[in-house]
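Reader: Could you walk me through this structure while I have the sequence and coordinates open? I will ask as I go.

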Amino acid sequence: MAVQQSVGQDPYFPGNGDRRYRVHRYELTLDYRPAPNRLSGAARINAIAGRGQLTEFQLNLADFRVGRVRVDGRAAHYTHRGGKLRVRPAKPLRAGAAFTVEVQWSGNPRPVSSPWGGLGWEELEDGALVASQPVGAPSWYPCNDRPADKASYQISVTTPSAYAVVAGGRLLTRTTKASTTTWVYEQAAPTSSYLVGLSIGKYQTVLLGDPGPGGVPQHGHIPAHLLPRFSRDFARQPAMMELFQELFGPYPFDEYAVVVTEEELDVPVEAQGLSLFGSNHVDGARGSERLVAHELAHQWFGNSVSIADWRQIWLNEGFAKYAEWLWSERSGGRGAQQLAAAAHRSLSALPEDLRLADPGRKSMFDDRLYQRGGLTLHAVRCALGDDAFFRMLREWAGLHRGGAVTTAAFTAHVARFADEPLDELFDAWVYRTALPPLPSSGTGAAV
């Protein structure tokens, strides 16, 4: 379906993105040398002007040397400072016009600073990875960095042949010439800039399970010495895929890959069709299995169904948290009601000053948002009953596949499946800060 554009700048990151146009496709050609951490790139960006004439527009791009900028094949005037590449075409672009931007850049990529530390391109001891949520994408390529502006991608990466390149999407070609190999990936599904994942390292590739006819290919890319632990820790991922397709509807992309890096990561990171885990997430005892479920669930909620702006982040994280509980419930672990009770106890001991619908930039990744988001979905499940709840989830994922959504859109969607109004439930759980009583089956939201 057509991507729904948010109406204004993101209040959490007003300097990111440009709502005066939208991007249809990025074609990135990159050359990366790990030893000197040197990246050179060329981007071809196909875009469409908005409702007004464009005399100038901006892309987000970190501190690189920009070699050339062209619009529709003609040299354009540009300035590049403070992470913004401002472009003035030789001729103004009329409203609704399709146009093409070409940018060349080079330099030493490094994470962009944020309230949560460095984000984006991270140089590893032997390779690199990209973990961009929420605003790290400009650390390695020029983009309209707003989550609602979703586009298709083709990414070509040339690097020394000792390294493997993994990106979200389908591997089209791998071509070796002399001492370098070029990997070309295609991600046809609409993708937010922060969800373009990339990892460069020395990996062994394995197939997880047998997808069978019409199934979803699932690959793991891991350092060879971690393979025995990985094989146990991710053994049940194919079963998760099967369950989530039953509960949420068809997997929204062509395939799914997981990468385990040699280094430790604070948390795993989701990307479109790809999730990145640290070596600390593989212990051979399934100690991080809930995170395996969490990242897989993001492929439906967060990646395929994306948020219009960062105020809506609970629609990503609350849904993935609840998917953890559903996996536990259906795989012989604790039920969703038990896990909801544990989350409720945890939240009741913490400050009750977080508003789910607009948590503020500082609290975007607060664990309370994840837990309360999961509890909100549990409250909805208790109010609707299982049959209506899972029909609601499947239709939400299907109707908004490839699109961008808001909390208001979700509450309106849920109302279609309810026998009676749920305004009080959403007011209590989503729009107010006080923690409502624990929801349970048969008691609705207990508000």
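**Strand pairing, a helix and a domain**

Author: A starting point is Q218, which stands opposite Y256 in strand 18. Please keep in mind throughout that this is a predicted model.

Reader: Noted; how many bridges pair strand 17 with strand 18, and in which sense?

Author: Strand 17, residues 218-222, pairs with strand 18 in the parallel sense, and the pairing runs over 4 bridges.

Reader: And what joins strand 18 to strand 20?

Author: Strand 18 and strand 20, the latter being residues 274-277, run parallel and are joined by 4 bridges. Within strand 20, L276 is the residue that V259 stands opposite, and V269 also stands opposite L276.

Reader: Which way does strand 19 run against strand 20?

Author: Strand 19 and strand 20 run antiparallel, with 3 bridges joining them.

Reader: What is the strand order in the whole sheet, then?

Author: It is an open sheet of 5 strands with mixed pairing, in the order 16-17-18-20-19. Strand 16 (204-207) and strand 19 (269-271) stand at the edges with a single partner strand each, so one side of each has no neighbour in the sheet. On average, and ignoring direction, neighbouring strands of this sheet are turned by 20° against each other.

Reader: Back to strand 18: is it buried or exposed?

Author: Strand 18, residues 256-260, has 5 of its 5 residues buried, so the rest of the structure largely encloses it. In a regular strand, side chains alternate between the two faces of the sheet. Here both faces are covered, since Y256, V258 and V260 are buried on one side while A257 and V259 are buried on the other.

Reader: Changing topic, how many residues of helix 6 are buried?

Author: In helix 6, 16 of the 18 residues are buried, so this helix too is largely enclosed by the rest of the structure.

Reader: What span should helix 6 have, and how far apart are its end C-alpha atoms?

Author: Helix 6 covers residues 367-384, and at 1.5 Å a residue its 18 residues should span 26 Å, which agrees with end C-alpha atoms that are 26 Å apart.

Reader: What do we find at the two ends of helix 6?

Author: At the N-terminal end, D366 caps the helix, with a side-chain oxygen 2.8 Å from the backbone nitrogen of R368. After helix 6 comes G385, whose phi is positive, near 90°.

Reader: Lastly, what does the UniProt record annotate over residues 26-195?

Author: The unreviewed UniProt entry gives those residues the annotation "domain: Aminopeptidase N-like N-terminal". In this model, residues 26-195 are 0% helix and 57% strand, and the end C-alpha atoms of the span lie 13 Å apart.

Technical notes: Residues numbered from 1 in each chain as written. Predicted model: local features only at pLDDT ≥ 70, side-chain atom pairs only at ≥ 80, totals over all residues. Heavy atoms only, no water. Buried < 20%, exposed > 50% of the residue type's maximum accessible area, 1.4 Å probe, protein only. Pairing = 2+ DSSP bridges. Expected span 1.5 Å × (residues − 1). Polar contact = N/O pair within 3.5 Å; in protein donor to acceptor, adjacent residues only side chain to side chain. UniProt positions renumbered as here; feature names shortened; annotations may be inferred. Axes fitted to C-alpha atoms, helices over the stretch in contact; angles between N-to-C directions.
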